[in-house]
Each structure stands twice: as C-alpha cells, then as structure tokens.
Amino acid sequence: MLRHAGKRLLAAIPLLLVVPLLVFLLIDLAPGDPAVVLAGDNPTPERIAAIQARLGLSDPVVERYARWVGAVLHGDLGKSLMSDQSVMEMIIRRMGATMSLVLFAMVMAVVLGALMAILSSLRPGGVVDRLVNWLASIAIAIPAFWFGLVLASLFAVTYRVFPAFGFVPLSEGIGPWLSHLVLPGVALGLLPAAEVTLQLRSALGQVLTSDYILNARAKGLSRRSVLFKHALKNACVPVVTVFGFRVAEVLAGSVTIEIIYNMPGLGSLAVDSVLSRDIPVLLGFVLFSTSVVVVVNLLVDISYGYFNPKVRA
Amino acid sequence: MTWRCVRRRSGVAMLAVAALALTGCGSGGAAGNDGKPAQSTEADPNATLRFTSAAPIRNLDPALQTSYGGVGYLVLAIDRLTTLDKDDNVVPGLATEWKFAKDGSYLELKLRDDVRFHDGTVFDAAAVKANIERGKTLEGSTIKQNLDDITSVEAVDAHTVRLRLVKGRGVQLPSVFATNAGMMISPKAIAERSAKLASDLGDAGSGPYLVTSFTPGEKVVMKKAPAYWDPAVGQIAGIELQAISDGATRLRGVQTGQTDLTTVSAANDLAQARQLADQGAVDMKKVTFRNVLGVYLRANLGDLTKPEVRQAIAHAIDPDAVGALFSGSCQPNRQLYPAGSWAAIKDYSYPYPYDQAKARELVQKAGGAKVTISYPASTNMEQPANVIQGKLSEAGIDAKLNPVPNTENEPRFIAGDFELMVSASWSPKIDPADTVDTYLLDTYKLATDRGAIEPDAAKAADPTLSEAQRAPLYAKIWQTTMQQAWYIPICRLTVGVVSNNKVLNTDNVPLADIGIWDLRHIAVKR
C-alpha cells in the first residue's frame, strides 16, 4: 500500500508542474497587464514600464515560469503584486475559512447522503425511497449560490438564527465557528449530499440483492447487521470514488459561496487575484488546490484497500 | 488670488467661511441626521462603528494607493493639508490658510501649530517638506503626478511652508492636498520605516483614529486617537471598516444588525434599500454622485477618427433609456461639471440631443461605422453598455461589446487599448485644472486635437486668476470637448448611505459624492 501511495505521489509531480504552467500560459495569452493595474488611477507609460521592469513582467513566459518553479522548490511562493504580502502567509491565513467550509459541506454530504440512502434502501420503491429520490433530484437542480441567498434571507434576515455573513476561526470557540458555517456549508453541501444519496442508494440496491447478502439473511442475521456490517462497506466503493471528485467540485464551488457570505477564504482570494492579475497569488492558489485534489485522490485510493481487501493485494 | 480658510465661492459658501473663521478654521461640528448638531448626550463615546463598503484597501501608504477607494480608509488615520466638507468646499486641514504669490511662483501654506503625530513627532514645515519630497521620489509613488507642479519645498519658519511652482501651474494644489497627495505622515516614520508603512502604519499618522489591525483587501480596525486637535470629530471609541464586494451582502449586514453602516450604488441594491427604509428596517440617505456616467471616445482610433461617426454616436445615445435602467437613480446630466459649480457652463444645451434620424444620416455620410464598446464586466455599467450598443446598431453602426475586468477597464483605456468605453469614472475634480489634466490633456488624453484647448487650459491654470476669470475659459474647453464628442456625458448615479437607526450624522460624510467615505463625523447613539 505504501509503495502504491508513493507511486501516486510521484505521478502527481508532473501534474503539479503542468497546471501552474497552463495558468502562466493562459494569463500570458489573456489581454491585460498587472503593471497597468498597479500603476494606479493615473498611470503613465513610464510608470507602467518601470513596474514591468521591477517585477520582471516583460521577461519571456518560460523564464518567468522557471524562476517561479525555482523559488517554489526553495519553499518561496513569492509576494503579492498588489499588497506585497507573502503568498504563503496569505494562503495560510485564508485556508482556515475555506477548509472549514469544505469540511462542513463534505461531512454534511456524507452524513446526510448516507442517512437518506439507507432510509431509502430499506424499502426499495416505497414512499420514503421515492421521496428521497425526488428530493435528491431537486437538490441537484438547485444552484448553490441561489440556495445560499435563500438560506441567508430566511435564517439570517427573517429569523436571525445565524449570522448573515463572515467567518470566525475555530480558536474563538466551536459555537461561533459552527454558527458562521451552517448557512454557507449547507448551501455548498446540498449538491454533494444529493449525489452521495443517489450513488449510495444505487450501490446499496445492487449489493442488497447479491448472493452473499441473501445468504447472510438466510442464516438469520438481522437486517441491521446485514446492512451495516456487510452491505454498506461494499456499497461504499463507488461512493468513495465520487467523493474524491466532489471535494474538487466543492473547493471550486466555495468561490461563489465565499463571496455571498463574505468569507475570507481562498475562493475569494482566487477571484481577486484573477481580476487584478496578481499572478503569484493565483499560482499559489492553483498549486494549493491542485495539491489538495492530489492528496484527496490519494486518500481515496488508499481507502479502497479498506473497503475492498482484494485491492490490498 | 488669496485663500483664507476656504476659497471664495457662492454667497452661501461665504457664510460657511465666516462660520468656519469664527470657529478658528476648524472642521465643522458634528451634525445630526436632521442637520442639527448631534447632542453630546446622544452619542456613545464607547461605541464601535462597523462600516462596510465595496472598495478594498491593499496597503496603508498614502503614496502607494493604486485606487482612490483606499483614501476613504486612510483619511481617518492620516490628516491632510486641506480637507473637503460635505459640499466639496476646500477647507482647512493641517494647513490653516494658503495663498499664491502674486506672480504665481509659489504657494505658501500656514500650518497648525498644535499638532503632533501619534508617535510624538511635532507636525511642522519640515514634516510637509519630508512628505512632499517623499511623494515625488518614492519608487512606485502614485502621487508623483499630483505633485509634479511643485519644483521645491522651503520651510519659511516652523509653521509656514512655501512650495515653489512650475511657472503658470499649480492652481489645483489646494484641492489636491485634500486627497492622499496631501496626507502627512511622521517624518520619523519616513526616516525609520518608510518601506514598512504599507503594511504597518502604526502611529505614523495624526488623524482622529489609529490603525490597530489591518488585513489587506479585507479589513481595517481603528481606535480613537488619545488626543486629537479637532474635538468635533472622532466621537466614538473605534471603527471597523470591512470591504464586501457584494452589495446585497452589505445590505443584509445592516438589516440584521451585524454591521451599522454601508453604501450601495447598484440600481437593484438601491431599490431594495429604499424598500427596507420604507419599512423602517434601515435608514437611507441619498447622495448624488459627482461622477458622471458617460462614454469616452478615442478620436484617434478606428472609425472614431471621423467626426461624423463621433457625432452620430452622440446623437444615437438616448439618456432616458440609460436612465430608465436605474429606476430614476441616475439623474440626467449632459455637462462635465455639476450645474451650480462655478466651473459649469452657464446657459447651456448639449450639442447632440437624442436623434436617431440624424445619427443614421451621419453614419451614411461617413460611409458606415464600426466600434467596439468596452465596459467593466459584472458592474452596473453592463446594462448601460448593452442599451448603448442597441442604440448604435439602430443608427446603423456595427457595434460590438467588449466586457473587461473591472480593475483593467480604466487602465487599459488609458493605455490606448480601447476606442470607446462606457464608464462612470468621469469625476469632475474640485479644481477644473485638474480635470483638464486628468481627462483631456494628460492621463486619459481624450483631447486628440490638443491645440483646440491647450492655450485656454494654460491660461485658465494660472493661479493668479480669480474663479470669475477662469470660468469662461473652462466653459470654452468643455464646449470644445463636447462639440468634438471626445466624451459624451449621460447621467449622474446615486449612492445610498444605509445605516441602522443608531448611527448619527450620516448626512455629513465628506467625499461620499465621489464614492469614498470620510467617517470622521459619524457617531453612534447611546
């Protein structure tokens, strides 16, 4: 298993190099110049040229990329062109909000999705099954940003149960942390919850009609024991695969939710960096999010061994 | 021409001058929402105001601001040589009075003698010299251009400073000193930690508040300075200023009590704010934007080199159709200066009223026309750009839309990348000389036929002339600008100042009409 994990990590290195290169090329192809933005409200050609020279923006793209990779290998993600802050520090400071949001959304997706799928699979074709299927289909069709606005309007403005926006770090107490996460987390977690529901419901449907389950039932095992000890573990393999993809999707979806709820996270940082052509910040974000996706996929791979012993061999 | 506390203006302004003089040229006392001074018993000195706005601030160095939005944060912590009152009159700040030499060779400023920076350093003529020289020489300085007319700075005595000027230039300096170009920071901080000021202003300012925490692009937290020379301002214990890009989120903040005060300018946000105000959920004051929503044209690019095409565009734009997009919150405006200003054209009518038939005729005369309309994407300029495209197409012009990221729209137009831009960025400066430099001759360079306005602009910028002598020269320049259709003014937007019912003095927010917020007079009820 360790060897397998090591191989996967090595295979991720080209990905970590290629994705930032693509970002470099795309930014280079797109019209616009960060020096123009940095030159202020009254830019002059001389000032723009001076900024370009100071930041090396007129150097060839390959040279700039090589310089960036060299710095990253020394643990330096550079400084923001707009605020002169360390990109590493900016990412670390903003990571808390995004990771909390993604964690909340994914935990909700798994817990709610599993619950709905299990309830639904107890009586296939029954009222609960049909209701769950119907609700999950609606949830898939609802855009997260719209749902986020509805939740804010209802539970922050009308009933004043949760804050309308903002983020409080966990260090300031679990209560305030959770209260700021509920609305954005539910808005973001609804889609993956619906997908987990449908995926797990479908997998459970197949597993529950397989021979070994019928055999277990024939031996007199209780329905609960069959479901939780035998069926659920096997049904989880496709769900875990989907889960890996969903983490990347939720990370991307956090951009709009962070803006709606004014959360100081990586998503809003990414949007700002794109709009202001703050290339070092954008590259830092891309490297970070690519690394998260690589690590999550690796964990998903490793988890196959737990769910399916055949993979361990 | 001499300035004593304020420049001569209308009769009403003269009364204000007299009032200011009687109060020792200090800033006016705080006024309540009803226009009367806020009762001291009403305001809570221990309160903290939570304010949100769309504009972020990325650094705290006044000489390195890349956008004017940052100025609204800095004015609370850093004093300026002059300030603006809510009616855009230039009033004393750290300079109590100013006058130009009879031959216009220098501008002399008398300085307050009771001011210390928060680090204990005395504010004096040497401090002014250090700041102006820094602004002119600092690498990356964004105020260098504002200070270009100053050739050298002399300290006449501890509280008098003389700025030597480029011949025939510098008339706009008193009003420029009310921006970040006139912000004074401690010479001790300049000497010891100039490069660090951007991220840590510390006690380098002398304003009514002190920055206690700064998260670039997100939030600035300030506390009341222990002693301030103007007791009428800085009435609360602290202010938290937060940047929130989404107007609906800012409104929700005030509505739920999570924040106290915000501003909105998008038509839908204004409509919602009005509805909430009608229900009594929030208070709202409206401020008509000084900026003009209009169309910038590069008369030296593409088909816009043909005067008939520019005239056709001017005739084809229907100001009522654009105004309708804002549900009455964009006041028709076809001048370059707000009516009532001494710099506005008197008895004036716009040369190209809406006339599609005339526009079509001009397009045919030009043998057809093709233009690309650039505008800041995902802003309230999106709909006006679409309406304008429709009207130009109706007139037979092949008009294409070019949405551009908001941060790049203006800089790239200035760089000459676009031929036509829809924007609300035309901001008539306090002094028209600054407007001519910014939009016509220098930065935006709209005046492609410089000879048509340059002689008048040079004459009008003479600091020895009075406003009455300068006004007709500017009227001629504005008329040429609109005759040539270098710029097409359409309307002036409205900004809503939205607060909960505990916030006092929301009708006394200087700079609000240019979209930034000087909150020094704001107080919070007990």
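The buried residues of α11(A) are covered by elements that include α5 (87-122), α10 and α12 (279-307) of chain A. The model is a predicted one. Seven of the 10 residues of α11(A) are buried, so this helix is largely enclosed by the rest of the structure. The buried set consists of A:Leu266, A:Gly267, A:Ser268, A:Leu269, A:Ala270, A:Asp272 and A:Ser273. Just after α11(A), A:Arg277 adopts a positive phi of about 55°.

Annotation of chain A comes from UniProt. An unreviewed entry assigns "domain: ABC transmembrane type-1" to residues 95-304 of chain A. In the model, this span is 83% helix and 0% strand. Its end C-alpha atoms, at the limits of residues 95-304 of chain A, are 28 Å apart. The unreviewed UniProt entry also places the feature "transmembrane region" at residues 97-119, 131-157, 235-261 and 281-307 of chain A. Two of these stretches were examined for secondary structure. Residues 97-119 of chain A are 100% helix and 0% strand, with 33 Å between the end C-alpha atoms. Residues 235-261 of chain A are 96% helix and 0% strand. Here the end C-alpha atoms lie 36 Å apart.

Chain A also touches chain B. The contact draws 28 residues from chain A and 31 residues from chain B. On the side of chain A that touches chain B, at least two residues come from each of α2 (34-38), α7 (144-158), α10 (223-260) and α11 (266-275). By class, this side of chain A holds 16 nonpolar, eight polar and four charged residues. Helix α11 of chain A thus appears twice in the picture: it supplies residues to the side that touches chain B, and seven of its 10 residues are buried.

Chain B has 15 helices and 21 strands. Its radius of gyration is 23 Å, close to the 24 Å that the globule rule gives for 526 residues, so chain B is as compact as a globular protein of that length. The C-alpha trace of chain B spans about 70 × 60 × 45 Å along its principal axes. Of the 526 residues in chain B, 55% are buried. Contacts in chain B often link distant parts of the sequence: among those between residues at least 6 apart, 71% join residues at least 24 apart. In an unreviewed entry, UniProt lists "domain: Solute-binding protein family" for residues 89-442 of chain B. That span is 29% helix and 25% strand, and its end C-alpha atoms lie 25 Å apart.

Chain B is divided into domain 1 (2-240 + 500-524) and domain 2 (292-493). The centres of the two domains of chain B, taken over C-alpha atoms, are separated by 31 Å. Between them, 16 residues of domain 1 of chain B are in contact with 13 residues of domain 2 of chain B. On the domain 1 side, the touching residues divide into six nonpolar, five polar and five charged.

The largest nonpolar core has 157 residues. Within this core, B:Ala312 and B:Ile313 have the most contacts. Strand β19 (residues 487-499) of chain B gives the largest share of the core, eight residues. At least three residues of the core come from each of domain 1 (2-240 + 500-524) and domain 2 (292-493) of chain B. Apart from this core lies another, of 54 residues, including A:Met108, A:Ala109, A:Leu208 and A:Ala235. Around B:Ala312, the contacts are B:Ala359, B:Leu362, B:Val363, B:Ala369, B:Ala395 and B:Ile397, not counting residues up to four places away in sequence.

B:Thr305 lies in the loop between β14 (292-297) and α8 (307-316) of chain B. With 13 C-beta neighbours inside 10 Å, B:Thr305 counts as partly exposed, because a buried residue needs 20 or more and an exposed one has 12 or fewer. Leaving aside neighbours within four places in sequence, B:Thr305 is in contact with B:Ala299 and B:Asn300. B:Val254 is 51 residues from B:Thr305 in sequence. In space, the C-alpha atoms of B:Thr305 and B:Val254 are 49 Å apart.

Key:
Residues are numbered from 1 along each chain as its sequence is written. Chains are lettered from A and ligands numbered from 1 in the order in which they are written. This is a predicted model: local features need pLDDT of at least 70, side-chain atom pairs count only at pLDDT 80 or more; totals for chains, interfaces and linings use all residues. Two residues are in contact if their C-beta atoms, placed from the backbone, lie within 7 Å. Helices (H or I, at least four residues) and strands (E, at least two) are DSSP runs, numbered from the N terminus. Ala, Val, Leu, Ile, Met, Phe, Trp, Tyr, Cys and Pro count as nonpolar, Asp, Glu, Lys and Arg as charged, and the others, Gly among them, as polar. UniProt positions are given in the numbering used here, feature names are shortened, and annotations may be inferred rather than shown by experiment. A nonpolar core is a set of buried Ala, Val, Leu, Ile, Met, Phe, Trp, Tyr and Cys residues joined through C-beta atoms within 7 Å. Domain bounds come from an automatic or database domain assignment. The radius of gyration is taken over C-alpha atoms; the globule rule is 2.2 Å times the number of residues to the power 0.38.
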